[in-house]
Amino acid sequence: MGNFTVVSLGRFISQDSFPLILDTYQRFLKDLTPKYKRKTEFYVLDKYEFLEGSMLLIEKFNLQNHIQLVSTSEQDRVIEIYKNSSLLFLPVKKEIGHIIAEAYSFSLPIITYDNFGNEEYVDQTCGMLHSYESDAKAIEAFKDKLKLLIFDPDALAFLNKGAKNKHNKELSWGRATG
């Protein structure tokens with residue numbers, strides 16, 4: 001089993017969703033054995049001006065030893081994180097097609113909401129969607145999706161391949177120009 005590396009975007013994308021991301025990850029970690037915890041990494045990419053507030057929230061959830069906060073201005077590091085990640089976890093209540101296209105270019109499947117226009121970009125071949133009902137239900141559903149993917153590497157590999165295919169066939173400039 002290789003590392004299971006989750007990347008998410010911080011408060012610059014959605015200040016409302018960030019606590020839900022942290023709560024989900026905290027509950028996900030509680031369900032893992034020590035063996036799987038050691039193989040799990042979580043990166044949050046955020047704009048410089050949001051880093052201090054994001055770190056305070058990370059500490060509030062007692063995740064400072066489990067999450068690496070990285071400034072989006074560190075472009076070389078951000079690219080390396082994307083290249084080495086397993087998926088993008090981004091449960092936001094808005095359309096994020098431009099972010100999804102970037103993630104797919106790195107073969108990263110998406111876990112997000114199916115409301116708010118994202119279902120246009122994400123299907124069962126390249127990500128996992130959840131219909132928003134409440135934060136409590138979303139946290140449990142997202143936690144379960146993360147658990148499925150860490151415990152079933154074949155499912156994750158299927159979604160990684162699907163993300164790359166979706167990018168190449170529908171979202172890249174190469175498709176548009178021939």
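## The largest pocket

In this predicted model, the largest pocket is lined by L9, F12, I13, L45, T72, Q75, V78, I79, Y82, H98, I99 and E102. Two elements give two or more residues to that lining: α4 (75-84) and α5 (97-105). Helix α4 gives the most, with four residues.

The pocket holds about 190 Å³ of space. Its lining residues divide into eight nonpolar, three polar and one charged. Rolling a probe the size of a water molecule over the atoms shows where empty space is left.

## The sheet

Six strands form an open sheet. Their order is β3-β2-β1-β4-β5-β6, and the pairing is parallel. The edge strands are β3 (67-71) and β6 (127-130), and each of these pairs on one side only. Neighbouring strands are turned against each other by 25 degrees on average, direction ignored.

In a regular strand the side chains alternate between the two faces of the sheet.

## From β1 to β3

Start with β1 and β2. Six bridges join these two parallel strands. One of the pairs sets F4 against T40, its bridge partner in β2. Moving on, β2 is joined to β3 by five bridges, again with the strands running parallel. Here F42 has I67 of β3 as its bridge partner.

How much of β2 is buried? Six of its seven residues are buried, so the strand is mostly covered.

## Helices on the sheet

Helix α1 (residues 18-30) packs on the sheet. It touches β1 (4-9), β2 (40-46), β3, β4 (87-89) and β5. The direction of α1 makes about 170 degrees with that of β2.

Helix α3 (residues 51-60) lies across β2 and β3. It runs at about 175 degrees to β3. One residue of this helix is L56. Is L56 buried or exposed? It counts as exposed because its relative accessibility is 54%, and the cut-off for exposed is over 50%. The C-alpha atoms of L56 and E140 are 23 Å apart in space, while the two residues are 84 apart in sequence.

## The β6 edge

At the β6 edge of the sheet, four bridges join strand β5 (residues 110-113) to β6, and the two run parallel. Within this pairing, T112 has L129 of β6 as its bridge partner.

Two residues of β6 deserve a look. G127 lies in this strand. It counts as buried because its relative accessibility is 6%, and buried means under 20%. G127 touches P109, I110, V122 and L159, not counting residues up to four places away in sequence. The C-alpha atoms of G127 and I110 are separated by 4.6 Å, although the residues are 17 apart along the chain.

H130 is also found in β6. Why does H130 count as buried? Its relative accessibility is 13%, and the limit for buried is under 20%. Leaving aside neighbours within four places in sequence, H130 is in contact with T112, Y113, D114, N115, K137, A138, A141, F142 and K145. T112 thus appears twice: as a contact of H130 and as the bridge partner of L129.

## Two loops with positive phi

Which residue of the loop between α3 and β3 has a positive phi? N62 is found in that loop. Its phi is near 60 degrees, a positive value in a residue other than glycine. N62 is exposed, because its relative accessible area is 53%.

S107 is found in the loop between α5 and β5. Its phi is near 65 degrees, also a positive value in a residue other than glycine.

## A buried lysine in α7

Helix α7 (residues 153-171) includes K166. Is K166 buried or exposed? K166 counts as buried because its relative accessibility is 10%, and the cut-off is under 20%.

How many residues lie between K166 and K37 in terms of chain separation? The two are 129 residues apart along the chain. Their C-alpha atoms are separated by 30 Å.

Technical notes:
Residues numbered from 1 in each chain as written. Predicted model: local features only at pLDDT ≥ 70, side-chain atom pairs only at ≥ 80, totals over all residues. Heavy atoms only, no water. 1 Å grid on protein atoms, 1.4 Å probe; cavity = no way out; pocket = protein on both sides within 12 Å on 5 of 7 lines; lining within 4 Å. Points joined across faces, edges and corners; volume = space filled by probe spheres on them. Nonpolar A, V, L, I, M, F, W, Y, C, P; charged D, E, K, R; others polar. Pairing = 2+ DSSP bridges. Axes fitted to C-alpha atoms, helices over the stretch in contact; angles between N-to-C directions. Contact = heavy atoms within 4.5 Å. Buried < 20%, exposed > 50% of the residue type's maximum accessible area, 1.4 Å probe, protein only.
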